[in-house]
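Biologist: Please show me the model, and then let us go through the terms one at a time.

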Amino acid sequence: MTDDAVPDLRASDADRERVSEVLRDALADGRLDMEEFEERLEATYKARTYAELTPITRDLPTSGAPVSRPVSFTKEPVPDGGWPDGGWAGRIVGGEGSSTSGVAVLSGFQRKGRWTVPRRFKCFAFWGGGEIDLREADFADREVEINCVAIMGGVQVIVPPGVEVVVRGVGVMGGFDHPDGDGRPEPGAPRVVVSGFAFWGGVGVERKVTRAERQRLKEMRRQERLERKESRHELHRARHEERTLDRELDRELDRELERERRRQGER
């Protein structure tokens with residue numbers, strides 16, 4: 001399927017983010033000035049279809065490309081259920097998980113990026129630390145358990161908004177933190193159970209959006225500020241024009257009164 005074959009296909013947030021990334025690179029390279037960048041960024045977040053998105057970067061190179069070409073919106077096959085466009089259903093993929101454990105002894109470990117969380121993930125930290133990032137992860141089941149043992153060490157679990165989190169760990173001179181802003185889970189979202197034991201150590205759980213989503217929200221807030229600023233400028237211009245018109249009318253009235261006085265004097 002080519003880009004031209006699907007001009008009416010609805011664009012996703014990920015598609016708009018890809019375009020905004022190209023625009024930011026072009027601004028940094030000096031290919032766009034600030035005014036052009038703001039105009040194209042506004043058009044990007046207003047675009048609803050590929051036909052509206054494609055022209056925005058037609059004269060710009062994609063990231064790392066030496067030759068200018070537009071961002072491609074050809075839908076590539078996505079394994080394991082079609083994530084991210086498939087939503088939470090596309091992220092619950094079954095299977096055994098791509099990693100089942102993590103160990104940090106006087107060291108550290110990380111599980112982040114695109115990986116599959118097993119039904120039960122076990123980790124151990126002794127005088128060390130671990131990071132388990134679920135923001136871009138798939139899940140082997142709708143409910144997964146992360147069992148943490150932290151002895152004079154720590155483990156940080158990062159979950160995306162919308163995921164239900166249940167903390168069942170026990171701390172002795174240590175503790176298990178609950179995530180802030182724990183609201184109602186989104187329909188179809190997985191359930192993450194954090195269990196285990198902490199002795200002179202801790203297990204923290206926090207909610208964070210992905211870097212791409214954080215940047216998108218930042219750009220949206222920036223665009224809203226620009227729109228408010230433009231609205232204030234428009235209001236200022238309108239008031240200035242109104243005052244100018246009032247002054248012109250006053251001067252014309254004064255001239256008419258002066259002409260009338262002269263006519264009266266001539267009589």
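**Pocket and cores**

Modeller: The second largest pocket has a volume of about 230 Å³, a volume being the space filled by probe spheres set on grid points joined across faces, edges and corners. This is a predicted model, in which local features need pLDDT of at least 70 and side-chain atom pairs count only at pLDDT 80 or more, while totals for chains, interfaces and linings use all residues. Residues are numbered from 1 along each chain as its sequence is written, and side-chain values use heavy atoms, with hydrogens and water left out.

Biologist: What makes Glu38 and His233 part of the lining of the second largest pocket?

Modeller: Lining residues have an atom within 4 Å of a point of the pocket, which on a 1 Å grid over the protein atoms alone is an open set with protein on both sides within 12 Å along at least five of seven lines. Glu38 and His233 are therefore counted, among others including Glu42, Gln223 and Lys229.

Biologist: Which helix gives the most to this lining?

Modeller: α5 does, with 6 residues; α5 spans 211-266, and α2 (34-46) also supplies at least two, helices being DSSP runs of H or I with at least four residues, numbered from the N terminus.

Biologist: Why is Val192 called a member of the largest nonpolar core?

Modeller: Such a core is a set of buried Ala, Val, Leu, Ile, Met, Phe, Trp, Tyr and Cys residues joined through side-chain atoms within 4.5 Å, where buried means under 20% relative accessible area with a 1.4 Å probe, protein chains only. Val192 therefore meets these conditions, as one of the 29 residues in this core, and Val192 is among those that touch the most other members.

Technical notes:
On a 1 Å grid over the protein atoms alone, a cavity is a set of points where a 1.4 Å probe fits but cannot get out, and a pocket is an open set with protein on both sides within 12 Å along at least five of seven lines; lining residues have an atom within 4 Å of a point. Buried means under 20% relative accessible area, exposed over 50%, partly exposed in between (1.4 Å probe, protein chains only).
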